[in-house]
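Please work through the exercises below with the sequence and the structure at hand, and try each task before reading its solution.

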Amino acid sequence: MAIFKTKNSAETESVGEMLGGSVKDGTVVAMFGDLGAGKTAFTRGFAKGMGIRCDVSSPTFALVNE
Ligand SMILES: Nc1ncnc2c1ncn2[C@@H]1O[C@H](COP(=O)(O)OP(=O)(O)OP(=O)(O)O)[C@@H](O)[C@H]1O
Ligand SMILES: [Mg+2]
């Protein structure tokens, strides 16, 4: 198991980007964390690493999300 410790949102995004760039097609990633833990920051980077070009938004408290 690998553990990454980050000090801010940008660092968390960078870790996400690195990991997102190394997953194989079809991989399923399950993620959990407390409110404000940095899930969306991580996912923004992860999507970028996968080459996905779109806004990443948080589902938390949202009434409508595209
Ligand atoms: N190491 C860190 N990694 C990510 N975010 C951090 C970190 N330290 C502080 N923050 C701050 O914490 C907040 C994390 O927000 P983010 O939306 O990514 O969390 P979340 O887990 O998606 O929250 P929610 O459960 O509300 O959807 C941001 O305001 C960010 O600036
Ligand atoms: Mg979120």
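## Exercises with worked solutions

**Exercise 1. Place Ser58 in the chain, and decide whether Ser58 is buried, partly exposed or exposed.**

Solution. The model is a predicted one, and the values used here are computed from it. As a starting point, Ser58 is found in the segment after H2. The next step is the accessibility: the relative accessible area of Ser58 is 28%, and since buried means under 20% and exposed means over 50%, Ser58 counts as partly exposed. As for its surroundings, Ser58 and Thr43 are 15 residues apart in sequence, while their C-alpha atoms are 9.3 Å apart in space.

**Exercise 2. Find which residues coordinate the magnesium ion (ligand 2), and describe what the pair ties together.**

Solution. The atoms that coordinate the magnesium ion are OG1 of Thr40 and OG of Ser58, at 2.1 to 2.3 Å. Thr40 belongs to helix H2, which covers residues 39-49, whereas Ser58 sits in the segment after H2, and therefore the pair ties together parts that are 18 residues apart in sequence. Turning to accessibility, Thr40 has a value of 22% and is thus partly exposed, and Ser58, at 28%, is partly exposed as well.

**Exercise 3. Describe how H1 and H2 pack, giving the angle, the handedness and the residues that meet.**

Solution. Begin with the geometry: helix H1, made of residues 9-20, packs with H2 at an angle of about 35°, and their axes are 6 Å apart. The crossing in which H1 passes H2 is right-handed. Next come the residues: on the H1 side the contact includes Ser9, Val15 and Leu19, and on the H2 side it includes Ala41, Arg44 and Lys48. Sorted by class, the contact of H1 with H2 has 5 nonpolar, 6 polar and 4 charged residues. Finally, consider which residues of H2 are buried: these are Ala41, Phe42, Gly45, Phe46 and Ala47, and the buried residues of H2 pack against H1. Beyond the helix, H2 is followed by Gly51, which has a positive phi near 85°.

**Exercise 4. For Thr12 and Gly20, state the helix, the accessibility and the contacts, leaving aside neighbours up to four places away in sequence.**

Solution. Thr12 is part of helix H1, and with a relative accessible area of 15% Thr12 is buried. The residues that Thr12 touches are Thr6, Gly38, Ala41 and Phe42. Gly20 likewise lies in helix H1, and its relative accessibility of 4% places Gly20 among the buried residues. Gly20 is in contact with Phe46, Gly49 and Met50. A further distance can be added for Gly20, namely that its C-alpha atom is separated by 9.5 Å from that of Phe42, although these two residues are 22 residues apart along the chain.

**Exercise 5. Describe the chain as a whole, and judge its radius of gyration against that of a compact globule.**

Solution. The chain has 2 helices and 0 strands. Its C-alpha trace spans about 35 × 25 × 20 Å along the principal axes. A compact globule of 66 residues would have a radius of gyration near 11 Å, and the chain has 12 Å, so the value agrees. Of the 66 residues, 14% are buried. The last step concerns contacts with a separation of 6 or more, of which 51% come from residues 24 or more positions apart.

Key: Residues are numbered from 1 along each chain as its sequence is written. Chains are lettered from A and ligands numbered from 1 in the order in which they are written. This is a predicted model: local features need pLDDT of at least 70, side-chain atom pairs count only at pLDDT 80 or more; totals for chains, interfaces and linings use all residues. Side-chain values use heavy atoms; hydrogens and water are left out. Donors are N, O and S atoms within 2.8 Å of the metal (3.2 Å for Na, K and Ca); water is not among the atoms, so sites may look incomplete. Helices (H or I, at least four residues) and strands (E, at least two) are DSSP runs, numbered from the N terminus. Buried means under 20% relative accessible area, exposed over 50%, partly exposed in between (1.4 Å probe, protein chains only). Axes are lines fitted to C-alpha atoms, for helices over the stretch in contact, and angles run from 0 to 180 degrees between N-to-C directions. A crossing is left-handed if the near helix is turned anticlockwise from the far one by less than a right angle, and right-handed if clockwise. Contact means heavy atoms within 4.5 Å. Ala, Val, Leu, Ile, Met, Phe, Trp, Tyr, Cys and Pro count as nonpolar, Asp, Glu, Lys and Arg as charged, and the others, Gly among them, as polar. The radius of gyration is taken over C-alpha atoms; the globule rule is 2.2 Å times the number of residues to the power 0.38.
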